[in-house]
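Got the viewer open? Let's take a quick tour, picking out a few spots worth finding on your screen.

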Amino acid sequence: MAGGRPIRALNVAEKPSVAKAVSGILSKNPSSGGLRVRDGRSRYNKIFEFNYTIQNQQFQMSFTSVTGHLMELEFEERYRKWHSCDPVQLYQAAVKKYVPEDKLDIKRTLEEEARKCQWLILWLDCDREGENIAFEVVEVCKQANRNLNIWRARFSALIDREIHYSMQHLVRPNQLFADAVDVRQEIDLRIGASFTRFQTMLLRDAFNINFTTDDKNIILSYGPCQFPTLGFVVERFWEIQSHEPEEFWTINCTHNLEEGIATFNWMRGHLFDYTCAAIIYEMCVQESTATVTRVRQQEKLKYPPHPLSTIELEKRASRYFRMSSEHTMKVAEDLYQAGFISYPRTETDCFSERTDLRMMVQEQQGHPVWGSYAQRLLDPEAGLWRNPSGGGHDDKAHPPIHPTKFSAGENGWSQDHHKLYELVVRHFLACVSQPAVGAETTVDIDIAGELFSASGRVIMAKNYLDVYRFESWGGSMIPTYNFGQQFTPTTLTLDSGVTRPPPLLSEADLLSCMDKAGIGTDATMHDHIKKLLDRFYATKDSNTRFSPTELGEALVMGYDDMGYELWKPYLRAMMESDMKAVSMGTKSKTEVLETCLQQMKACFVDAKSNKGKLFESMAVFFERSNRSSINEQNTVAEVVRRCSLCQESDMVLRRKPDGNFMVGCTGFPHCKNVVWLPGSVSEAVVTTNICSSCAPGPVYQIQFKFRRLEIPPNYGVDHLGCIGGCDDILRQLVEICGTGSRNISSVPGRGPGHTPSSSSAQRSNSRGQGACLYCRQTGHSSDVCPSRVSRGRNVRSPEADAQEGESSIPCSSCGAPCVLRTANTASNRGRKFYSCRSQECNFFVWEDNINEGGRVARGNISRTASNPSRSGGRGRGGRSGRQASDFAFVSATGEPISGRCFVCGDPSHFANVCPNRGR
DNA sequence: GCAAGGTC
């Protein structure tokens, strides 16, 4: 590059702080002539000036910034109004990128500066969005100065060496990265706007959604990020609702010594089969001497967390302080703006090797609470320092969140500012500390062939736990044992428990789900969560756990009933992989856009024709509204034909407040032309088929669905009909069923459709009333419908567990699997029993014996203090020589319960020695 | 009035 006259270059960063930081670094050299600052058109985006040399060429640098995206994507004016078009048109409607009003001042600064420069150097963040913003800046600057020489600086941290290196090794901007973002923007806009308009106009006025005083303004939004987020909440809620508690049993053993108490856990964990657990327990009781089979001592380390990314900050603030992710980001932004912490929106969880970590620790030495810990960290003799280990994420744009300025608390800080700053500092100090060290002892014992294990832990060095007060690592003592040592347990109990459903999703859980599925970015995840609350789709309790509202559940249920997974994260995942393909150049921008929008349009059209499902799911929770007749004018009605009476307006298909359909003239009340349809219509959709005989045309045919129970058996449920006068079937059904022109209850003999419930009390019970939404049978509600089991809402059903021949329990005699079978003998036909699969073993037990006779001792049963007998018995097979009659059981309350055989019910022996077994 | 993504 030649020397000579200095070149004027305009540098642009993504945010003011980066413009300031990079200018500061580049102007440190005395030859820079110092750093000068002047105002631009925007009060936030200053312009920094300094001199710089790139490969012997002198430059006069101006360095300014934007604030994120400079442009927005929007539909052309004629599509902006909600009623301007059928939402389906939004899949083709023209869109344009423009600079919104509040960014015009930045645009003007860029134009003015660009005119004075020969070079444009782009310092946007080095991610896809940054690259897209770079091209927005290029577009604006090029319009002002077509001859600009355009360069891109690539940097991953605001560190002197790296910034200088970037400036000396400028590259060209990457169009493919920017294209990928263009694809995302367009898809998000078209899908979001079309579905939001569709479902809002369809449902808002049709139902009484009583969330606000003015629920006319409620928006039922759909978005490719917000809906899957709602999906996570609803799915967990359904999982909890469909949980069926299942009883299980476990054997616990304790041993008390002067040194302490050891609690031994059964290696089998727990068994769901009582008989099996009880028989094993019985064996243990009869041969209750415990033998130590292994003593293991190990050093265990508990590592400090990785450096702090945004999602971790949000999750931990939620867990430790119950702060919402949205509030956390607000407070973090304040701390960042005031210079106390680094940039809070980062995916990076590892520090660059060039970061001066020790200097950051030094800053904290004077703090009254954690200052002494910082001092210890810097003392080589303390041996507390450890270079932080990263979690493998790097957004190449920002470092992990860390303190940037010391503070012992500022005057203007709220409690939450204090808490969050403390979390950032303690987390940072923890990251550069040694892990906590513990000595763990594990003792395995054998009782009658069953294995149990106990462990204890002594904390040897707390290390990072000294400063990271949010985490703990419990220590527990265990007495000393030696290999081969034998002892008699102090207690040996058979305890029962019940499986519990998972808890509602916490905010931290929700963030994890989103992170895993790639929903949102570090900077937007909290927005999506907040949107669920703002849209009344979900609520958050004081424990930061989320439940869907009836509205949220109804919407997800509606789409689920249609068979779409629009509420699942797959659409976003598909878009993400397509975006990657675009950014790699393996797929073109147009190809991805066309394919995705084509698929989504087909889905939208299908959803529109299946809107009855959304109506049905909404009707489960909400009353129909009387506003709908007026406001249905606002929905985009489907045109059937030009009105043959007034010949001025269209005849459109409408659904009335009572749920019935009609075709009426839009010229009403001036023109009163109307075609009444049969009252038995449950769904009606105008098709694109044109009737070949009715005139004047076109008259579009309508696809009808009739309620089976309301039409004669010789008529089909599905019918493609015409209202132009040519359709005999339609005419006959009007005669037979009547029209939907009267109130449904006044038509005798007509089966109920989805009659709107008339009170809130009724509404709250609506799930248990009327026909099931799924199979339309009465007697159960849709959420427990057996036909839904396979679709995942009911996680498990008892019927599914009791499959003929399914291997379900280990044989208590030989250990081989027992299978559940159904008897086919004359006396026991249909009766279920378990039998052992082994040819050598003939273990057999009636299932109803287990349920009725087996549970003789509910709750905890344990051995009494009486001495166990080891005298030979009359049993056969397995572990011989046991006799049950010497034993008594006590219940959890200490009352004695005599033992009883689970096979034949005889109290004189146990099942494993039952003479009737296998008969 | 709608999305999600930047950012103040």
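Here's a short briefing on the DNA surface, two strand pairings and a helix. Keep in mind that this is a predicted model.

**Around the DNA**
- DNA strand B has 38 residues around it, and the closest ones are T67, G68, H69, G192 and G223.
- Helix 1 (16-26), strand 5 (72-75) and helix 6 (175-203) each chip in at least two residues to the surface near DNA strand B.
- The top contributor is helix 6, which gives eight residues to that surface.
- Sort the residues of this surface by character and you get 15 polar, 12 charged and 11 nonpolar.

**Strand 1 and its partners**
- Strand 1 covers residues 7-13, and five of its seven residues are buried, so call it mostly covered.
- Strand 1 runs parallel to strand 4 (residues 57-65), and seven bridges join the two.
- Strand 1 also runs parallel to strand 7 (residues 119-123), this time with five bridges.
- A13 is a handy residue to click on: its bridge partner in strand 4 is S65, and in strand 7 it stands opposite W123.

**Helix 8**
- Look for helix 8 at residues 274-286, a run of 13 residues.
- From its first C-alpha to its last, helix 8 reaches 18 Å, close to the 18 Å expected at 1.5 Å a residue.
- Because 13 of its 13 residues are buried, helix 8 is largely enclosed by the rest of the structure.

Key. Residues are numbered from 1 along each chain as its sequence is written. Chains are lettered from A and ligands numbered from 1 in the order in which they are written. This is a predicted model: local features need pLDDT of at least 70, side-chain atom pairs count only at pLDDT 80 or more; totals for chains, interfaces and linings use all residues. Helices (H or I, at least four residues) and strands (E, at least two) are DSSP runs, numbered from the N terminus. The expected span of a helix is 1.5 Å times one less than its number of residues. A residue is buried if 20 or more other C-beta atoms lie within 10 Å of its own, exposed if 12 or fewer, and partly exposed in between; C-beta atoms are placed from the backbone. A residue is near a molecule or strand if its C-beta atom, placed from the backbone, lies within 6 Å of it. Ala, Val, Leu, Ile, Met, Phe, Trp, Tyr, Cys and Pro count as nonpolar, Asp, Glu, Lys and Arg as charged, and the others, Gly among them, as polar. Two strands pair if DSSP finds at least two bridges between them.
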